[in-house]
Amino acid sequence: MSVDELDTRILRLLLEQPRTSAREYARILGVARGTLQARLDQLERRGVITGTGPALSPAALGHPVLAFVHIEVTQGHLDEVGDELAAVPEIVEAFSITGGGDLLTRVVARDNGHLEDVIQKLISLPGVVRTRTEVALRERVPYRLLPLVESLGRAVASP
């Protein structure tokens with residue numbers, strides 16, 4: 001799914017100035033508001049733009065501990081375990097993976113004791129064989145997409 005130069009400029013603005021109005025985006029980009037809105041709608045339909053809500057900090061919400069928990073699942077029970085994981089509020093993401101384990105989850109907790117409680121809950125789920133936990137010490141590169149968008153824009157600009 002490719003994006004053109006205008007799409008790239010729109011995405012950059014959305015990432016850099018997420019609280020700006022569509023009218024202001026159109027003014028900054030030098031395009032009609034209708035053109036901007038049509039492009040935004042198209043980017044949403046294509047699944048490029050997946051949300052518009054605020055980014056929240058688990059640490060600021062009282063959950064400063066971040067861990068990645070690998071979960072090995074009994075063969076044939078991946079969907080059931082995935083459904084159970086969705087009911088655990090401390091799991092903020094879960095992915096099916098290749099390699100060591102079947103699922104990789106991002107877990108937040110109030111403290112190490114709370115993390116242990118969450119892991120014990122995961123171990124007790126039907127279909128979970130074992131877990132392996134890695135605690136994050138410090139975020140080195142925050143979640144970001146702007147460098148990717150910029151690299152796409154450079155690819156579009158250079159023939």
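Which residues make the nonpolar surface patch of about 520 Å²? In this model, which is a predicted one, the patch is made by Leu-15, Tyr-143, Leu-145, Leu-148 and Leu-152. Let me stay for a moment with Leu-145, which sits in the loop between strand S4, residues 128-135, and helix H6, residues 146-157, and which is partly exposed, because its relative accessible area is 36% and that class lies between 20% and 50%.

From that loop I would like to go back to the sheet, which is open and has four strands in the order S2-S3-S1-S4, with antiparallel pairing. Its edge strands are S2, residues 91-96, and S4, each of which pairs on one side only, and from one strand to the next the twist averages 20°. Between S1 and S4, which run antiparallel, there are seven bridges, and if you look at Glu-72 you will find that its bridge partner in S4 is Arg-130.

Two helices pack on this sheet. Helix H4, residues 78-85, touches S1, S2, S3 and S4, and its direction makes about 15° with that of S3; helix H5, residues 112-123, likewise touches S1, S2, S3 and S4, while its direction makes about 160° with that of S4.

Finally, a word on Gly-62, which is placed in the loop between helix H3, residues 33-45, and strand S1, residues 65-73. With a relative accessibility of 35%, Gly-62 counts as partly exposed, and, leaving aside residues up to four places away in sequence, Gly-62 touches Ala-109 and Arg-110. Ala-22, by contrast, is 40 residues from Gly-62 in sequence and 34 Å from it in space, C-alpha to C-alpha.

Conventions: Residues are numbered from 1 along each chain as its sequence is written. This is a predicted model: local features need pLDDT of at least 70, side-chain atom pairs count only at pLDDT 80 or more; totals for chains, interfaces and linings use all residues. Side-chain values use heavy atoms; hydrogens and water are left out. Buried means under 20% relative accessible area, exposed over 50%, partly exposed in between (1.4 Å probe, protein chains only). Contact means heavy atoms within 4.5 Å. Patches are made of residues with over 30% relative accessible area and no salt bridge: like charges are joined within 9 Å, nonpolar side chains (Val, Leu, Ile, Met, Phe, Trp, Tyr) within 5 Å. Accessible areas come from the Shrake-Rupley method with a 1.4 Å probe; for residues, only the protein chains shown count as cover. A salt bridge is a side-chain nitrogen of Lys or Arg within 4 Å of a carboxyl oxygen of Asp or Glu. Two strands pair if DSSP finds at least two bridges between them. Axes are lines fitted to C-alpha atoms, for helices over the stretch in contact, and angles run from 0 to 180 degrees between N-to-C directions.
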